[in-house]
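Q: I'm new to this structure and would like a close look at a single part. Could you walk me through the aromatic rings and their surroundings?

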Amino acid sequence: LVPVVKGANMKGVMAIAKEVQSLAEKARSRKLDMADMMGGTFTISNIGSIGGTFFTPIINYTEAAILGIGKIVDNPVVRDGKIVVRKIMPLSFTYDHRIIDGAQAAAFLNTVISYLEKPGLLPVEK
């Protein structure tokens, strides 16, 4: 089931979060109707919540892109020349090259990563 947040580009982060919570509850209770699942352009798929680490998501028909999120794990990384353990969350991004240029896709994913690394930068309404 892939419920759609309608008009997400016109909503703030908190409004989107509230609507996602409502749609998720409708999905769990099997109360979604077809209108709740139509008209999407972008999907976020999270297999990390069920233990999946990395995958190649397939774009849903009529949509432009899908972001895949994997399980957060502790991994060794180099920071300031030293090996340290950090939480790493794999992301995969599949997009329709007829609609989205590769450079734009890379820039988008880098922006997502910057907000995940520093959530305080994300504009959130009070």
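A: Happy to help; we begin with the whole chain and then turn to the rings. This is a predicted model, where local features need pLDDT of at least 70, side-chain atom pairs count only at pLDDT 80 or more, and totals for chains, interfaces and linings use all residues. Residues are numbered from 1 along each chain as its sequence is written, and side-chain values use heavy atoms, leaving out hydrogens and water.

The chain has two helices and five strands, in the order α-β-β-β-β-β-α along the sequence. Helices (H or I, at least four residues) and strands (E, at least two) are DSSP runs, numbered from the N terminus.

Now to the rings. There are four aromatic pairs in the structure; rings of Phe, Tyr and Trp (its six-membered ring) pair if their centres lie within 6.5 Å, and planes under 30 degrees apart count as stacked, over 60 as edge-to-face and the rest as tilted. Phe 93 and Phe 108 have ring centres 5.2 Å apart and planes at 35 degrees, so this pair is tilted. Because Phe 93 sits in strand S5 (residues 91–95) and Phe 108 in helix H2 (residues 102–117), the pair ties together parts that are 15 residues apart in sequence. Phe 93 counts as buried at 17% relative accessibility, while Phe 108, at 34%, counts as partly exposed. Here buried means under 20% relative accessible area, exposed over 50%, and partly exposed in between (1.4 Å probe, protein chains only). Both rings belong to one aromatic cluster, formed by Phe 42, Phe 93, Tyr 95 and Phe 108.
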